[in-house]
Amino acid sequence: MGKRLLVLHGPNLNLLGEREGKQGGRLADLDAALTARATELGLELKVVQSNHEGVLIDTLQAERSRLDGVVVSPAGLFGSHPLMEALELVGVPAIEVYLERLGERESVVADVCAATIEGQGFHSYLEALERFANGDLTGELTEEEEDEEAEDEDVEGDEEAEDEAAEDEDGVVDAAWSGEDDEAGEPEGKGKGKTLGRREKDIPREKSLAVRQPGALARAADAPAKALASSGGSRKTLGRKVEAPAASPAPSKTLGRKGKGAQGTPAADFLSRALVRQKIADRLAGRLTQAELAAWARSKWSDVQRGASAESGYEDMLEDSLLTLSSLPASKLSDSELVNMMTRLDR
Ligand SMILES: O=C1C[C@@](O)(C(=O)O)C[C@@H](O)[C@@H]1O
């Protein structure tokens, strides 16, 4: 059984892409891309969107006993203390994602998440899935350490499968994960008997993956460092902003239209895998139309023919990708084909 992840989409993400009036880049496209990637990675997903903080929290609590991880996209609830507390209480490793950059907005939810991935459109979520799959939640492990994590999880996964076989007898787990209308708010006591508010040492290793959930005390100590890492320099104390970031861009109020922040943004004039991935992510998030992406790819391809340099060792891969993307309006690549291309460009 693969790892089970809960993807929580926060308020207004049900309207993703609609405000722009463009085709594509909607929540259904995002969910399709997530499902496709999860299948490739051997992950099991449950995806819930709600405009209500309480429903997100109820879902977390109801699902907690069967989760290996949470991908939380708080959207406007980035400052939610109740959501942060729920994540901490359920003690399941979580990664926080945003389509756009947070900019000056201070996430409280970040305090209990292993990582925040922002500003990469759909790719923010896809990156989170990949991190859960390889066990490197912070994206900081070396390849060797990643392999060790994966090996450990294989062994522990076998043991867990035996436990689950017994639990599945009542049908609760399977029904909840295959049913479309699984209601939030399942009564307590149906799960595996894990307790809320578990301390770090009680979290089974396979649940903790590469990173432990910080407890309340650890959070106070860790928060400034993590806040610095994820917000580009601003400091915070448990979600309260102390000092505005010096050179942070203005907060973005739009859905899926910007997201081109400095952190991790590839240089636009140098052809790299990161740049092509970014353009595909822009397309998937509705920031670029098919025609715009194709025009961009054609012009980059022409630049390369005229001798412009490209990321060393990946010239052929980049040229092939540009050629494929150039004919986008004619060939109409599906979202999952675009996601696959991003994945190839990530290797
Ligand atoms: O809907 C959105 C997009 C967003 O959720 C993001 O992921 O970047 C951030 C929210 O503030 C905004 O309302």
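Select V72 in strand β3 and then E96 in strand β4 of this predicted model, since these two residues are bridge partners. Strands here, like helices, are DSSP runs numbered from the N terminus, with at least two residues (E) for a strand and at least four (H or I) for a helix. Residues are numbered from 1 along each chain as its sequence is written. Local features need pLDDT of at least 70 and side-chain atom pairs count only at pLDDT 80 or more, whereas totals for chains, interfaces and linings use all residues, and side-chain values use heavy atoms, with hydrogens and water left out.

Widen the selection to the two strands, and β3 and β4 are seen to pair in the parallel sense over 3 bridges; two strands count as paired if DSSP finds at least two bridges between them. On β3 (residues 69-73), 5 of the 5 residues are buried, meaning under 20% relative accessible area with a 1.4 Å probe and protein chains only. G69, V71 and S73 point one way from this strand, while V70 and V72 point the other way. In a regular strand, side chains alternate between the two faces of the sheet.

Next, add β1 (residues 4-9), which runs parallel to β3 and is joined to it by 5 bridges; within this pairing, L5 has G69 of β3 as its bridge partner. Moving to β4 (residues 94-97), one finds a parallel pairing with β5 over 3 bridges, in which V97 is partnered by I117.

Now display the whole open sheet, whose 5 strands follow the order β2-β1-β3-β4-β5 with parallel pairing. Because β2 (44-49) and β5 (115-117) stand at the edges with a single partner strand each, one side of each is left without a neighbour in the sheet. Neighbouring strands are turned by 20 degrees against each other on average, direction ignored, with axes taken as lines fitted to C-alpha atoms.

Return to β3 and follow the chain through helix α3 (residues 81-90) to β4, which together make a right-handed β-α-β unit; right-handed means that, with the strands pointing away from the viewer, the path from the first strand over the helix to the second runs clockwise. At the N-terminal end of α3, S80 acts as a cap, with a side-chain oxygen 2.9 Å from the backbone nitrogen of L83. The buried residues of this helix are L83, M84, A86, L87, E88 and V90, and the helix is followed by G91, whose phi is positive, near 65 degrees.

Definitions and conventions: Axes fitted to C-alpha atoms, helices over the stretch in contact; angles between N-to-C directions. Buried < 20%, exposed > 50% of the residue type's maximum accessible area, 1.4 Å probe, protein only. Polar contact = N/O pair within 3.5 Å; in protein donor to acceptor, adjacent residues only side chain to side chain.
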